[in-house]
Amino acid sequence: MYYTIKWEDDVVSMLDQRLLPVEEIYRHYTHYTDVAHAITSMVIRGAPAIGIATAMGVALAAANIQAKSLDQMKQELHEACDLFYGTRPTAVNLSWAIKRMKSIISAADNVDSLKEQLAAEARKIHEEDVQVNKKIGENGHQFLKDGDVVMTHCNAGALATGGYGTALGVIRKAVEEGKNLKVYACETRPYLQGARLTAWELMQDNIEVVLITDNMAGHFMKSGEIQRVIVGADRIAANGDTANKIGTYTHSLLAKHHGIPFYVAAPVSTLDVETKKGDDIVIEERSVDEVAYIQGVQIAPEGVIVRNPAFDVTPAENITAIITEKGVVEEPSKKGITHLCS
Ligand code: MRU
């Protein structure tokens, strides 16, 4: 059985998601700057998994630092936090994890115990995430009916979290409850998280999956083949507007047009009450090579101008319900999500 990320004896190990589904290779990091690079270079991705990797990276920084005093240690740890902060801007779980690690750093009064406390906190963040995902599954599976075809976009599964998954966690739970589901996985251009990761992950669990290209979604919704859409989130603003993988917004419009329920499944750590609305969410722009090349093969003319925003924002009014571990918000455009954060 594969794992997404693991902390053991001051080593952070992760499955290299860039190589899936062709190769299943694990990377082992003993220096925090390598963990930061693993996040930037997509060895690990998905908002909750990025948060966990960040926490483990900060714990590793503590293990790496040879500070002579507690003050110096704290100073160097803050610099390590800054490095992680700059890795991927849209997933709010990253700054959420940094905040948790920083509160341990601030309260510390001893270098050795600080190292242990940070390692323990990173492990806790990981363990909690798996439990949170299971709770999201419990809260959300009621929305998926026996016989449904459920469309998803990107990968919001075990690979994007500490394990089990958010959107795929809801699907997993529904299948565990004995419901017969079929998943339509959108390939998710340009980085192909749907084709490479979601299809692979669901096949590992023997959950029936059909791979479609992103531009087939409207066709299958119109023909009545898709009954529900469920996706994850990278950041949910106070008014319920939701940033998720590029293409999610288009699917939400199609779903609304065809009267198909559109669900967002995410942990409370993905809610960002300080961001009032979706327009205020910073959207990461990634390398144009991700669009102009596929697996190293050039598919666009040399020199063509390319754009590559990695996320888009789905307005709350297109979302039927936001499913979290603390409860479900139906019609989030009317209610917002701030009450879940108190
Ligand atoms: O660029 P990625 O692969 O990190 O984007 C991931 C997504 O958009 C996921 O849908 C989101 O992080 C939710 S993962 C539970």
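**Figure 1. Surroundings of Ala255 in helix H9 of the predicted model**. Ala255 touches Met221, Val229, Ile260 and Phe262, where contact means heavy atoms within 4.5 Å and residues up to four places away in sequence are not counted. Helix H9, which holds Ala255, covers residues 248–257; helices are DSSP runs of H or I with at least four residues, strands are runs of E with at least two, and both are numbered from the N terminus. Ala255 counts as buried because its relative accessibility is 0%; buried means under 20% relative accessible area, exposed over 50%, and partly exposed in between, with a 1.4 Å probe and protein chains only. Between the C-alpha atoms of Ala255 and Leu144 there are 15 Å, with 111 residues separating the two along the chain. This is a predicted model in which local features need pLDDT of at least 70 and side-chain atom pairs count only at pLDDT 80 or more, while totals for chains, interfaces and linings use all residues. Residues are numbered from 1 along each chain as its sequence is written, and side-chain values use heavy atoms, with hydrogens and water left out.

**Figure 2. Packing of helix H1 against helix H2**. Two packed helices are described by the angle between their axes and the distance between the axes. For H1 (residues 32–40) and H2 (residues 47–64), the axes come within 8 Å and the crossing angle is roughly 165°. Axes are lines fitted to C-alpha atoms, for helices over the stretch in contact, and angles run from 0 to 180 degrees between N-to-C directions. H1 and H2 are therefore roughly antiparallel; angles over 145 degrees count as roughly antiparallel, under 35 as roughly parallel, 65 to 115 as roughly perpendicular and the rest as oblique. The crossing of H1 and H2 is left-handed, meaning that the near helix is turned anticlockwise from the far one by less than a right angle, whereas clockwise would be right-handed. On the H1 side, Tyr32, Val35 and Ile39 take part; they meet Ile50, Ala53, Thr54, Gly57, Leu60, Ala61 and Asn64 of H2. The contact of H1 with H2 has seven nonpolar, three polar and no charged residues. Here Ala, Val, Leu, Ile, Met, Phe, Trp, Tyr, Cys and Pro count as nonpolar, Asp, Glu, Lys and Arg as charged, and the others, Gly among them, as polar.

**Figure 3. Packing of helix H1 against helix H3**. The axes of H1 and H3 are 9 Å apart, at an angle of about 15°, which means that H1 is roughly parallel to H3. H1 passes H3 in a right-handed crossing. Tyr32, Thr33, Val35, Ala36 and Ile39 of H1 meet Ala80, Leu83 and Phe84 of H3. Seven nonpolar residues, one polar residue and no charged residues form the contact of H1 with H3.

**Figure 4. Packing of helix H3 against helix H4**. H3 (residues 70–85) and H4 (residues 93–107) pack with their axes 10 Å apart and an angle of about 175°, so H3 is roughly antiparallel to H4. From H3, the residues in the contact are Lys74, Leu77, His78, Cys81, Asp82, Phe84 and Tyr85; from H4 they are Leu94, Ser95, Ile98, Lys102, Ile105 and Ser106. By class, the contact of H3 with H4 has seven nonpolar, three polar and three charged residues. Cys81 is buried, with a relative accessible area of 1%.

**Figure 5. The cis peptide bonds before Pro21 and Pro190**. Leu20 and Pro21 are joined by a cis peptide bond with omega of about 0°. Pro21 lies in the loop between strand S2 (11–15) and strand S3 (26–29). The bond from Arg189 to Pro190 is also cis, with omega near 5°; Pro190 is placed in the loop between strand S5 (182–186) and helix H7 (193–204).

**Figure 6. Cys154 and Leu192, with positive phi**. In Cys154, a residue other than glycine, phi is near 65°. Cys154 lies in the loop between strand S4 (149–152) and helix H6 (167–176), and counts as buried at 7% relative accessibility. Leu192 also has phi near 65°. The loop between S5 and H7 contains Leu192, which is buried with a relative accessible area of 12%.
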